[in-house]
Amino acid sequence: MVTTAGALALTVATLSVFTAVGLWVSRGEVRSVEDLISARGSASEGRTTATLIASVMGVWILLSAPEAGALYGIAAVAGYALGEAVPMLVYSKLGPRIRAVIPEGHSLTEYAYVRYGTAMHAFVLAVSVLYMFVFLAAELTGIAQALQYVAAVPRWQTSVLVGGFVVLYTGYGGLRASIITDTVQTLVVLPLLAVSVAAVVVTLGGTDAVYQGIERVNPTLLDPTYVPGIRFGVALVFAVLGAELLNQTWWQRIYAADGADTVQRGFRTAAVANGLVMVVATLLGVIAAGNAAVVTSGTGYNAGIAFFVLLEGAFGDWLVLAVLLLGLVLVMSTTDSLFNALASLVTADLPRLLNDPDEQALRRGARMLTLVVAVAAILVSLRARSVLRLFFTADLLGAAVGFPLIYGLFSRQLSGPGALASALGGLAVGATFFPFPFGLHAAANAALGGVLPAPDATYLLPFAGAFFVSTALTLLAARLGDVDFDFDHLSQEIQRLDGPVANADTSVGEREATPSAGGTDTPPTASDDADESNSEVSDR
């Protein structure tokens, strides 16, 4: 049995090591707000790939991924693997386009402001901040639940320790510190995950014994034709893809990479690595659900901590400590990225909100925002219970907003009102079928006179409905649109934060086009990545 003191000692030691690394490598490197929130052009292909892997692999892969596997079996394994791989492949194409069209950019919200206007900007800002904040709170919730179950560590202690240490080095070193620590964390996580899974399988008697245990306890988990599992697996693909399109973490790393080729190769490699990691992580839940000791646990079976229930009492302390170490490294790799991403979203908008702030004020604002986000996430984590439910509530928003937001990088005809209406239409359809917690669906149905359909417990209709409806409405709005946006305005309006502040009164949104030489739609840029945009702009 792992003692509370032992778990706390491991926690403090792990957090201290990575905090020291983050502070050490970023000393003297953060000389401007650009260094703090974008680290522009500083990451090689190896570091870019490592930070893309580490930023995905939060502690949720030991909680919500096994929870999905324990509930829906191998279909969830395939769904999570594809769900995490597909966004990386999408960004391998989007990344060079973003760098070419907005060479001096920082965030998806400043793009939304210039491309679509204030209404869509406000909506995208609210949705993206909410998604990443929920992601952050879920991470702190997950590691707090794990340490509480395994070693009786009070949840508030875990949340405060993790949040406090991570905000220390991210507030000082910004994105540079996050990328360096991500690189180290990737080198620790991948072998530690492999060793932990191998040890679990060997201890349970090998692959044959594991298979037989699952088949004996719940054979539907191994059935590839199990309809609820298939529905859930497909739902995961739409949920994760939509949410990741609103994840500022990836936009930051697109600019931090040292070139468009680095972006392409880094995201492609991360797609393969993240897909394989998700196969392993989700299988942990299937293995746990097939173990009788887990299902008949005297504390009550909770799929959200299925893997840790499996560990408790059945394995030696060394393996439990190894998994706790893995969880701590995982939560740090994601929370530092999210702290930076959330701070950068708002910091990039400060020049429009404040009266010509100087560079020092922007840096101070970014660090204060990081602290505020950390405190708020800690407070939420003390109340939350299901990591998977937290993610799904935020994913619904991403599934509705992702395509309308991104399509504006390629279509001149899509207007701000058209994009906003498309997103809201998709969200309305998704919410109709979403199994909201706390009886919200039943309350809404009663208020509307019982017209709402029953919620879909497999989440396929909410996520697929939100994604497909918003996509269809976006394509229709672009086809019927009467605007002709000039992509040059993106590079003209979005500038570095350590240079002259753009005029906040400059009009945004739909503008009259200024055709480029030769009549092509590819916008000229000041970046060497201009020839990497590799796609023609749609005339729809």
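## A tour of an all-helical model

Select Ala 152 first: with a relative accessible area of 48%, Ala 152 is partly exposed. The model on screen is a predicted one, and Ala 152 sits in the loop that runs between α7 (118-151) and α8 (155-203). Display the backbone here, since Ala 152 has a positive phi of about 55° although it is not a glycine. Most residues other than glycine have a negative phi.

Before going on, zoom out to the whole protein, which has 21 helices and zero strands. Of its 540 residues, 60% count as buried, and the protein exposes about 19500 Å², of which carbon and sulfur atoms supply 64%. If you draw the contacts with a separation of 6 or more, residues 24 or more positions apart account for 87% of them.

**The second positive phi**

Now go to Ala 39, in the loop between α2 (33-37) and α3 (45-56), where phi is near 45°, again a positive value in a residue other than glycine. Is Ala 39 buried or exposed? Ala 39 counts as buried, because its relative accessibility is 0%.

**Salt bridges around α2 and beyond**

The structure holds five salt bridges, and three of them are visited here. Select Arg 40 together with Glu 34: their side chains meet in a salt bridge, at 2.8 Å from N to O. Arg 40 is partly exposed, with a relative accessible area of 22%, whereas Glu 34 is buried at 2%.

Next select Asp 35 and Arg 176, whose side chains also meet in a salt bridge, at 3.3 Å from N to O. Asp 35 belongs to helix α2 and Arg 176 to helix α8, so this pair ties together parts that are 141 residues apart in sequence. Both Asp 35 and Arg 176 are buried.

For the third pair, select Arg 231 and Asp 456, which form a salt bridge with the closest N and O atoms 2.8 Å apart. This pair links distant parts of the chain, 225 residues apart, with Arg 231 in helix α10 (residues 227-244) and Asp 456 in the loop between α19 (440-447) and α20 (460-480). Arg 231 counts as partly exposed at 27% relative accessibility, while Asp 456 is buried, with a relative accessible area of 8%.

**The nonpolar interior**

Hide the surface and select Trp 60, Ile 61, Leu 62, Phe 308, Leu 311, Phe 463 and Leu 490, the residues with the most contacts inside the largest nonpolar core, which has 151 residues. Which helix gives the most to this core? The answer is α7, with 18 residues. Centre the view on Leu 311, which, leaving aside residues up to four places away in sequence, touches Val 200, Leu 319, Val 320 and Val 323. Another core, of seven residues, lies apart from the largest one, and among its members are Leu 36, Ile 37, Leu 362 and Leu 497.

**A nonpolar patch on the surface**

Finally, turn the surface back on and select Trp 156, Val 160, Met 368, Leu 371, Val 375, Leu 379 and Leu 382, which make a nonpolar surface patch of about 650 Å². Helices α8 and α16 (359-381) each supply at least two residues of this patch, and α16 gives the most, with four residues. End on Leu 382, in the loop between α16 and α17 (387-407), where the relative accessible area of 31% makes Leu 382 partly exposed.

Definitions and conventions
Residues numbered from 1 in each chain as written. Predicted model: local features only at pLDDT ≥ 70, side-chain atom pairs only at ≥ 80, totals over all residues. Heavy atoms only, no water. Buried < 20%, exposed > 50% of the residue type's maximum accessible area, 1.4 Å probe, protein only. Patch = residues over 30% accessible without salt bridge, like charges linked within 9 Å, V, L, I, M, F, W, Y side chains within 5 Å. Areas by Shrake-Rupley, 256 points an atom, 1.4 Å probe, with all protein chains shown as cover. Salt bridge = Lys/Arg side-chain N within 4 Å of Asp/Glu carboxyl O. Core = buried A, V, L, I, M, F, W, Y, C linked by side-chain atoms within 4.5 Å. Contact = heavy atoms within 4.5 Å.
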